[in-house]
Amino acid sequence: MLLVAATLVALVVQAQRDVMADARHRTLATAQTFAHSPGIVAALNSANPTAVLQPHAEAARKAAGVDAIIVYGLNGITLTHSDPHQVGKHIIGPYAKAATGKPFTSTFQGSLGLSVISAVPVRGPDGSVVAIVSVPVTVERVQHRLNMQLPVLLGGAATALVVAAGGSGLVSRRLRRQTHGLGPTEMTQLYEHHDAVLHAVREGVLIVDGDGRLLLANDEARTLLDLPADAERRDITDLGLDEDLAGLLASDRPATDEVYLAADRLLAVSKRLTAPHGPVGSVVTLRDTTELRALSGRAEVARERLQSLYDAGLRIGTTLDVKRTAEELAEVAATRFADIVTVDLLDPVLRGEETSGTPTGITELRRSAVAGLDPNHPLHPVRELIRLVPAHPVSTAMAEGRPVLVRDLSASDAWRAPQPERARQVLDHGIHSMLVVPLRARGVVLGVVDFWRAQGSPSFEDEDVSFAEELAARAAVSIDNARRYTREHTMAVTLQHSLLPRALPEQSALDVAYRYLPAQAGVGGDWFDVIPLSGTRVALVVGDVVGHGLHAAATMGRLRTAVHNFASLDMPVEELLGRLDELVAQIDAEEVAAAEDGQGMITGATCQYAVYDPTSGRLAIATAGHPGPAVVRPDGTVDFPELPVSPPLGLGAGLPVETAELTVPEGSRLVLYTDGLIEDRTRDLDAGLEALRDALTGPGRTPEATCAAVMEAMLSDRPRDDIALLVARTRRLGPEQVAEWDVPRDPAAVAPVRSACARRLTEWGLEQVGFTAELILSELITNAVRYGAEPITVRVLRTEPIGSPDAGTLIFEVADGSSTSPRLRRAKVTDEGGRGLFLVARFAERWGTRYTPTGKVIWAEQYLHHGATPEGEDLGEILLSQWDDTAL
């Protein structure tokens with residue numbers, strides 16, 4: 001009984017152990033089989049791994065008789081579970097060993113209760129762990145199986161008592177001899193591993209003995225090598241394998257991922273020797289890399305082309321020049337895609353003009369760029385006009401707006417027919433394939449790009465068309481941007497040139513030279529002016545409108561016109577800039593009101609206005625946000641006088657503008673400029689002023705030489721702003737050119753002044769104009785005596801213009817203390833007076849009024865060139881024409 005009891009207990013314990021071992025083996029085998037099942041890596045990499053894996057996991061669970069097949073990522077998130085509510089949850093458990101690549105089996109308290117769990121890592125193609133598969137079997141299920149076996153054990157215990165007593169020793173001894181000392185667990189694992197290697201592993205496995213005979217081949221190896229059914233136990237060289245592959249398998253040389261050809265497959269072969277850990281032989285693994293290599297090749301081609309498109313986006317359109325953009329397209333494509341690239345554009349595109357949105361009527365193109373050719377190429381050269389011929393590939397691409405592929409030029413009659421001799425030369429040059437892609441942007445046809453391949457390169461294929469289209473589309477946008485910029489730039493340049501001074505006016509006070517240089521970025525709003533004023537005075541103006549383009553040029557024109565109008569009214573310097581400030585503020589208000597979103601473009605502008613009087617050498621100057629002038633004295637020293645600071649135009653808010661007055665020696669050079677001359681990205685303002693000082697320093701230079709020296713010293717390679725430079729050398733009127741008299745407010749004082757004027761004219765050698773001059777002066781003095789206030793002064797100036805063949809000008813000025821301005825009118829027949837100013841206006845070239853702090857000055861100018869003074873007999877007729885003969 002003790003023996004039976006002991007045996008029964010042993011059997012129960014053994015049964016329990018076997019059931020637990022079976023549970024461990026079954027969970028481990030199931031986990032390994034599922035982890036190595038084909039397609040699991042692809043499913044894990046799919047968009048929804050749970051949707052792909054859950055059905056397979058449930059089917060495998062039912063077939064294996066386990067409680068669950070759980071797949072979770074390395075982050076612990078559950079991808080499959082027998083309980084759908086557990087999917088997507090974070091799993092906590094002793095799975096670190098499996099995450100490192102080692103399978104394990106343990107008992108663990110999980111969501112299903114106390115269970116026997118096996119966990120196996122899922123490896124990716126590179127051998128790294130990408131997920132973990134765990135298979136649990138609950139202890140309750142294991143105990144149930146054990147309980148079902150107890151009646152059998154109890155019933156057979158008595159029967160087994162006798163058999164066990166006699167045969168247990170014999171059976172145990174024989175079993176260990178047959179299994180080489182392996183226990184049941186090891187034998188179970190060995191069988192499971194053997195079965196998995198034979199049927200589940202997606203890599204081919206071969207075991208070869210030391211004599212070169214095949215001992216084992218799994219299903220994958222049989223498929224990859226197309227082995228016969230009786231391949232095992234046969235010599236490797238008798239299996240019909242490739243000679244090189246058979247030589248490797250039969251040799252004792254190890255190998256790692258060596259590629260061999262087996263039928264139409266490329267196999268990566270790895271071989272390891274089993275000695276000294278086992279009998280002499282080797283274990284060989286095989287991986288099919290055919291599809292992987294083909295996919296890798298296509299992916300590499302796609303990657304290279306994406307990189308080419310990315311590089312093209314960086315290299316095409318670096319400038320806003322149409323021709324240069326076409327050259328960049330040709331250079332990029334000839335480097336990586338074609339052997340030869342030609343770009344043909346419409347002439348209007350090259351000029352920046354608008355073109356028709358449809359190709360109808362396009363008969364000729366201009367070759368704009370060629371890349372990838374040797375000097376003796378037979379294709380049309382750059383700048384040559386190419387006439388389109390119907391049915392030609394270029395004409396077809398233009399007309400239909402689609403790429404045209406000519407794989408073999410020698411077989412294309414449409415390409416050869418228009419110019420057979422040139423076509424023969426092209427073919428003799430080795431060019432054999434052509435791809436034509438139209439250049440279209442924003443619905444506008446710009447031209448075509450022709451891709452050519454020569455000897456040594458494959459012909460173009462259909463897969464090349466999409467790349468060429470994408471490249472051409474990107475380039476077309478850049479070309480169209482350059483075309484539109486060229487058009488706008490041309491319009492802005494034309495507008496600006498029409499608004500800037502075309503020639504300097506004649507005057508005698510200043511010897512003037514100037515330079516104007518537009519910025520490389522486009523036309524700006526800088527301007528300058530030389531405006532003759534009354535009394536030999538001259539106004540110098542420089543200004544700068546912020547920004548570039550049409551808006552800046554148009555605003556500049558408005559401000560320049562306003563300055564001319566204000567200057568014609570002989571406004572003081574500070575008043576003129578004040579009025580200009582009000583005008584800019586009004587322009588800004590109009591811009592904001594006209595903008596739909598209330599965010600109109602605000603005009604930013606600066607201006608410097610200076611008036612030089614050669615009779616006194618005085619310079620009145622004011623600036624609104626503009627850099628101050630430079631004064632180069634006759635000895636060559638340079639000074640930057642400090643001026644009152646006023647805000648830029650439009651920001652004055654009604655504040656008064658302050659004026660500075662300087663006395664400038666004769667022969668000094670006044671230098672006015674815009675900020676583009678002294679400000680640059682490579683230097684700050686102070687450095688720019690010092691550089692300007694160095695360039696201006698030195699005596700004896702003419703204004704023209706000064707401009708040349710300054711531009712040479714200050715100009716950068718790519719100025720980012722406009723540059724306006726105005727250099728004026730001062731002149732003075734000597735005492736011999738000026739005559740002045742004080743006149744009492746008495747009509748009798750007119751005659752003595754007239755006599756004195758006649759004597760001075762005689763001294764100047766101007767007796768021939770004496771009568772007209774006396775008449776003008778007499779009328780101006782009489783007007784001042786009759787309507788003005790004391791003090792009354794008279795000044796007569798004689799000027800000699802610089803660089804003009806004219807004899808000069810006589811200027812008459814009568815100043816009085818009244819601010820009342822006279823006006824011109826036609827006297828009635830019965831009026832005894834009222835004809836004086838009419839006579840002045842008739843005989844003088846110009847006349848007008850300017851105000852002074854103490855009153856006003858009425859002035860008149862009389863030119864001294866031939867024919868400017870009427871003959872003596874004509875004066876009578878002019879005077880008599882003021883009365884109506886019938887009325888008299």
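**Exercise 1. Describe the open sheet that contains strand S26: which strands form the sheet, in what order, and which stand at the edges?**

Step 1. In this predicted model, 5 strands form an open sheet in the order S17-S26-S25-S22-S23, with antiparallel pairing; helices (H or I, at least four residues) and strands (E, at least two) are DSSP runs numbered from the N terminus, and two strands pair if DSSP finds at least two bridges between them. Residues are numbered from 1 along each chain as its sequence is written. Local features need pLDDT of at least 70 and side-chain atom pairs count only at pLDDT 80 or more, whereas totals for chains, interfaces and linings use all residues, and side-chain values use heavy atoms, with hydrogens and water left out.

Step 2. The edges are strand S17 (510–517) and strand S23 (638–639), each of which pairs on one side only.

Step 3. At the S23 edge, strand S22 (residues 630–632) pairs with S23 in the antiparallel sense over 2 bridges, and Val 638 in S23 is the bridge partner of Val 632.

Step 4. Helix H19 (residues 703–714) lies across S17, strand S25 (669–673) and S26, and runs at about 25° to S17; the angle is taken between N-to-C directions, on a scale from 0 to 180 degrees, of axes fitted to C-alpha atoms, for helices over the stretch in contact.

**Exercise 2. Locate Thr 730 and state which residues Thr 730 touches.**

Step 1. Thr 730 belongs to strand S26 (residues 723–730).

Step 2. With a relative accessible area of 2%, Thr 730 is buried, where buried means under 20% relative accessible area, exposed over 50%, and partly exposed in between (1.4 Å probe, protein chains only).

Step 3. Leaving aside residues up to four places away in sequence, Thr 730 touches Ala 509, Leu 510, Tyr 612, Val 664, Pro 665, Glu 666, Gly 667, Ser 668 and Leu 670, contact being defined as heavy atoms within 4.5 Å.

Step 4. Of these partners, consider Leu 510: Thr 730 and Leu 510 are 220 residues apart along the chain, and their C-alpha atoms are separated by 4.9 Å.

**Exercise 3. For the sheet that runs from S7 to S8, work out the strand order and explain why one side of each edge strand is left without a neighbour.**

Step 1. The order of the 5 strands in this open, antiparallel sheet is S7-S6-S10-S9-S8.

Step 2. Strand S7 (214–217) and strand S8 (255–262) stand at the edges, and because each has a single partner strand, one side of each has no neighbour in the sheet.

Step 3. From one strand to the next, the twist averages 25°.

Step 4. Within the sheet, strand S6 (residues 204–209) and strand S10 (residues 281–288) pair in the antiparallel sense over 6 bridges, and Val 208 stands opposite Ser 282 in S10.

**Exercise 4. Characterise the aromatic pairs of Phe 337 and the cluster to which Phe 337 belongs.**

Step 1. The structure holds 5 aromatic pairs; rings of Phe, Tyr and Trp (its six-membered ring) pair if their centres lie within 6.5 Å, and planes under 30 degrees apart count as stacked, over 60 as edge-to-face and the rest as tilted. One of these pairs joins Phe 337 and Phe 451, edge-to-face, at 5.2 Å centre to centre and with 85° between the planes.

Step 2. This pair links distant parts of the chain, 114 residues apart, since Phe 337 is in the loop between helix H10 (322–336) and strand S11 (340–345) and Phe 451 is in strand S16 (residues 444–454).

Step 3. Phe 337 counts as buried at 6% relative accessibility, and Phe 451 is buried with a relative accessible area of 0%.

Step 4. The ring centres of Phe 337 and Phe 467 are 4.8 Å apart and their planes lie at 50°, so this pair is tilted. Phe 467 is in helix H15 (residues 462–499), 130 residues from Phe 337, and counts as buried at 7% relative accessibility.

Step 5. Ring pairs link Phe 337, Phe 451, Phe 460 and Phe 467 into a cluster, and Arg 453 lies over the face of Phe 337 at 5.4 Å from the ring centre; a charge sits over a ring if NZ of Lys or CZ of Arg is within 6 Å of the ring centre and within 35 degrees of the ring normal.
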